[in-house]
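Subject: Structure handover and notes

Dear colleague,

I am passing on the structure we discussed, and below it you will find my notes on what turned up when I went through it. Please read them with the structure open beside you.

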Amino acid sequence: MSPTQWDFPVELCCRPMAFVTLTGLDVVYNAVHRAVWDAFCANRRADRVPISFKVLPGDHEYPKCRPKRTSYEWYIPKGILKTGWMNKHLNLVPALVVVFYELDWDEPQWKEKQSECATRVEIVRQSLQGRNTKVAVVLIQKKTPLPPGEDVTASERAAALCNACELSGKSLFVLPHTDHLVGYIIRLENAFYEHAQTYYYTEIRRVKSHKEFLNKTTHQLLFVRHQFKIAFFSELKQDTQNALKNYRTAYNLVHELRAHETNILEIKTMAGFINYKICRLCFQHNTPLDAIAQFRKHIDLCKKKIGSAELSFEHAAWMSKQFQAFGDLFDEAIKLGLTAIQTQNPGFYYQQAAYYAQERKQLAKSLCNHEASVTYPNPDPLETQTGVLDFYGQRSWRQGILSFDLSDPEKEKVGVLAIQLKERSVVHSEMIITLLSNAVAQFKKYKCPRMKSHLMVQMGEEYYYAKDYTKALKLLDYVMCDYRSEGWWTLLTSILTTALKCSYLMAQLKDYITYSLELLGRASTLKDDQKSRIEKNLINVLMNESPDPEPDCDVLAVKTAQKLWSDRISLAGSNVFTIGVQDFVPFVQCKAKFHAPSFHVDVPVRFDIYLKADCPHPIRFSKLCVSFNNQITSVDLVLGHETGRCVVLNWQGGGGDAASSQEALQASRSFKRRPRLPDNELHWDSIVIQASTMIISRVPNISVHLRHDPPALTNEMYCLVVTVESHEKTQIRDVKLTAGLKPGQDANLTQKTHMSLHGTELCDESYPALLTDIPVGDLHPGEKLEKMLYVRCGTVGSRMFLVYVSYLINTTIEDKEIVCKCHKDETVTIETVFPFDVAVKFVSTKFEHLERVYADIPFLLMTDLLSASPWALTIVSSELQLAPSMTPVDQLESQVDKVVLQTGESASECFCLRCPSVGNVEGGVATGHYIISWKRTSAMGNVPVISTVITLPHVIVENIPLHVNADLPSFGRVRESLPVKYHLQNKTNLVQDVEISVEPSDAFMFSGLKQIRLRILPGTEQEMLYNFYPLMAGYQQLPSLNVNLLRFPHFTNQLLRRFIPTSIFVKPQGRLVDDTSIAAA
């Protein structure tokens, strides 16, 4: 019984393919034959037909066919399936024998060649005597054949050759050795495949024909055998659906067999074979659920068919193999595209296979524990004459015996003993580890971390049993981290116990100490007596003595370990071990805590270190070290002495280990009331680690005041007065001032804010937003100083300004004089506003609002300054800078010089402008800039004047064909002549035909042309003179002048009225004053 006895045979696991033998090919010495063979077997793609080719000599002896049985009446089968049957039909008995022969149709010695070819075919037939194997002939020719029907000679000779060889026309093929050899070979393969299909179909019918001779009393085994053969031939025929159907029938027939201790192994073996075939075909048909259902059914039916109790480990081995094989099939299907999930993946089957392998190991340990005096039987009852069994699943000492009664109990006893003794040599741990490793890989792939950890623990334990302690420790160490982080303390204790045994047996000092420290701690679930033993061993190791052996260790391994420990003691080496405890849970806990979250520079810093031991007996520590680097970086607790061995427990930060965070969380969520303790004691859970504190500067004893007049006005030099007064008892030195925009605000504010110490000149872009470290000097107690700062804000909005004063002072702390740097800062938010609002509008000379202006016609630009400042503003001057497209009508002079505006007051200016014709400009014509120079009225005289530049709006300019303006007095008088002159100017390059008419008014009589038609030459002007005679006093409407341009019908009188007055004020008629009345007056 070898360890591989339970492996499935190769011929069962492979994909069955039609077996075809090729004869007549000399692949060693004939290059043409070698090329033909390479085309058949080299680089076969998946799309080519499934055929297994083999080159054999023409006179090869095939397996002899047994004589045909005419009756099964007295036939008693000796087993279900012979061990060589599958291999015979896969590799020994061909479905088709192909005879290759070099022969062209125009061969001169045709008769001789034909005869030789027929002889070769006959030799093949003789060697296949009694079998249904097909025979075909392939003629290798040098020339490419003509199309069918064109070569008469070829047709005749082909018929003659078929007659001579006793072949049908479908069994004769021609293979031209040309450039297209592979194409011809593929066509040949397809033809061969059809012949093979026919052969296997015939074999299936032959096997089925035996059924009618069978009876269920004595031929139950034959029913299973024949059904298996039909299914296997169907697979060779590539009819997988029928193969699956017949395998299912065979499986049911196997379980109908009467089972007994003598044949249970054969039944289980065949059931396992057929189940494997069914599951493989289900996966192949992409029906994985059917495969899983079949496997579960198979396990349910077979798991209780244990057989002989003395060989029960064989049943565990068989069960393990079933799960492993199914896991392999499942994994293979996944690689071919099947999708698995977390709850259904190959890992579960590998895990179950490992479980049964472990059960096999335990059963073998209890059943195969013979005394050393028991020797292996001689002769060997497990050997056979041929070296292999005749039938699958039978015992070698009673092959072919189907009786349920044991004819030779003594032989049976010897056989069982031989199997048991063979089992002792099996390396069970190696098999278990392989299966667990496969399962771990699958659970890792499908993201099942807890299953992976669980199996890794089992792997570690198996390595321990296999005495491979290094690998055991590596695996257990890896898993411990997960169990610590999740708080599985019972499991962790079990793993630590195994790890401690491994480290003891390897005499690994540091590992032994580390695991001992943790097994003594609060995470360990060991009893006190076990902890006491571990503590005693730990103290022995620290005193450079050997520890006592761990319980339940292998005796030989303990002896080896004791020698290793003796060597460790005698060797001089490093006796100081530093162990970082943040990754495990030692028996001593540490918490560091500063008394306060912050300390001033001139105050002593105090902190406490709390230690708590969880071991059963008191233990002495020799040293406590605390390391600082702006905080507590580590706490070291030294266990032992340098004379023996010294262990340094290192806590990073202020303490805490792998379980601390979880315990702190549980404590915070707990509503359990803590018992009251004496004043000098503390609840451990109530102590919170505080490993860092803030060292802050000494409390300053100065006052900083800011004085200013908010809000700030845009672009002005805003004055901020800083007053610093010292209240210290001694002189302060090196006083420095930092002032400006507080960092961290919007970047746009930084770019538009500038600070200066000098208010007499304007800041530009080169000035910073923050002035740093301005030296102020020294200050005596009670002394005060003022510093004037100027800030220029280029945009409106709120800004936060920082004023930071730092200084040095000598102070005495615990009789030591130190220099302290103190600082105090003040912040102020300053709002920046526009100093004034400027409104600009365009009006006609009649002060009517203009949406657009007309070329060469004067118009008015009016500006209105409204003060928005809460403080009085002085307008120093104003200036109008016109764009090149604009010209002034009169002199441009400021009309608001030295004007003082209070809040809400306004100042206006008016400028008369003209825009020459510029054509059609999209977006209008630029007007220019309006510059206002101003300052606060309250500002000192040396503060610079601020110039605010207002960009004037663009204006749309239109050309008109005719411009009309009127000359008339500013007022009239009743019954006095009022001369009015109209000027008509042609603005085009065309002669204008103008129709003019005057509509009368009730308030006036007039003389002049009431209606006239005239022509105005390009660029010239025509004057029209009228005398109006007012009849009524008051604001009266003038007679209306209507102008009609024949060339420009869109020129309307409404447009005309923009240029000429339509009304005038008429005064009443005055009385005549004579000299008498004057004298009387």
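With which residue does arginine 973 form a salt bridge? The partner is glutamate 976, and the closest N and O atoms of the two side chains are 3.6 Å apart. Arginine 973 counts as partly exposed, at 27% relative accessibility, and glutamate 976 is likewise partly exposed, with a relative accessible area of 38%. Please keep in mind throughout that this is a predicted model, and that the distances, angles and areas in this email are computed from it.

Salt bridges and a polar contact

Side chains of opposite charge can pair when their charged atoms come close. A search of the whole structure finds 28 salt bridges, and I describe some of them here.

Towards the start of my list is the pair formed by arginine 34 and aspartate 38, in which the closest N and O atoms are 3.4 Å apart. Both residues belong to helix α2, which runs over residues 31-41, and because they are four residues apart there, about one helical turn separates them. Arginine 34 is partly exposed at 38% relative accessibility, and aspartate 38 is partly exposed as well, at 30%.

Another salt bridge joins the side chains of arginine 936 and glutamate 716, with an N to O distance of 2.9 Å. Arginine 936 sits in strand β30 (residues 928-936), whereas glutamate 716 sits in the loop between β15 and β16 (718-726), so this pair ties together parts of the chain that are 220 residues apart in sequence. Both arginine 936 and glutamate 716 are buried.

There is also a network of salt bridges, which links Arg44, Arg48 and Glu189. Separately, the side chains of glutamate 203 and arginine 206 are joined by a polar contact of 2.7 Å. Glutamate 203 is part of helix α6, residues 181-210, and it is buried, with a relative accessible area of 3%.

The five-stranded sheet

One open sheet has five strands in the order β15-β22-β21-β17-β19, and the pairing within it is mixed. Its edge strands are β15 (712-713) and β19 (770-779), each of which pairs on one side only. Strand β17, residues 732-741, pairs with β19 in the antiparallel sense over six bridges, and within that pairing isoleucine 732 has leucine 779 of β19 as its bridge partner.

Unusual backbone geometry

Most residues other than glycine have a negative phi, and most peptide bonds are trans. Against that background, four places may be worth checking by eye.

Strand β17 also holds aspartate 734, whose phi is near 50°, a positive value in a residue other than glycine. Aspartate 734 is partly exposed, with a relative accessible area of 38%. A positive phi is found at aspartate 552 too, where the value is near 65°. Aspartate 552 lies in the loop between α19 (528-542) and α20 (555-570), and at 71% relative accessibility it counts as exposed.

As for peptide bonds, the one joining asparagine 378 and proline 379 is cis, with omega at about 5°, and proline 379 is located in the loop between α12 (346-367) and α13 (409-424). The bond from proline 710 to proline 711 is cis as well, with omega near -5°, and proline 711 falls in the loop between β14 (702-707) and β15.

A nonpolar surface patch

Val601, Val605 and Ile695 form a nonpolar patch on the surface, and together they have about 240 Å² of accessible area. Of these residues, valine 605 is in the loop between β8 (598-600) and β9 (607-613), and it is partly exposed, with a relative accessible area of 38%.

The annotated region

Finally, an unreviewed UniProt entry carries the annotation "domain: Trafficking protein particle complex subunit 11 C-terminal", which covers residues 985-1043. Over residues 985-1043 the model shows 64% strand and 0% helix, and the C-alpha atoms at the two ends of this stretch are 12 Å apart.

With best regards

Key. Residues are numbered from 1 along each chain as its sequence is written. This is a predicted model: local features need pLDDT of at least 70, side-chain atom pairs count only at pLDDT 80 or more; totals for chains, interfaces and linings use all residues. Side-chain values use heavy atoms; hydrogens and water are left out. UniProt positions are given in the numbering used here, feature names are shortened, and annotations may be inferred rather than shown by experiment. Two strands pair if DSSP finds at least two bridges between them. Patches are made of residues with over 30% relative accessible area and no salt bridge: like charges are joined within 9 Å, nonpolar side chains (Val, Leu, Ile, Met, Phe, Trp, Tyr) within 5 Å. Accessible areas come from the Shrake-Rupley method with a 1.4 Å probe; for residues, only the protein chains shown count as cover. A salt bridge is a side-chain nitrogen of Lys or Arg within 4 Å of a carboxyl oxygen of Asp or Glu. Buried means under 20% relative accessible area, exposed over 50%, partly exposed in between (1.4 Å probe, protein chains only). A polar contact is a pair of N or O atoms within 3.5 Å; within protein, one must be able to donate a hydrogen and the other to accept it, and residues adjacent in sequence count only if both atoms are side-chain atoms.
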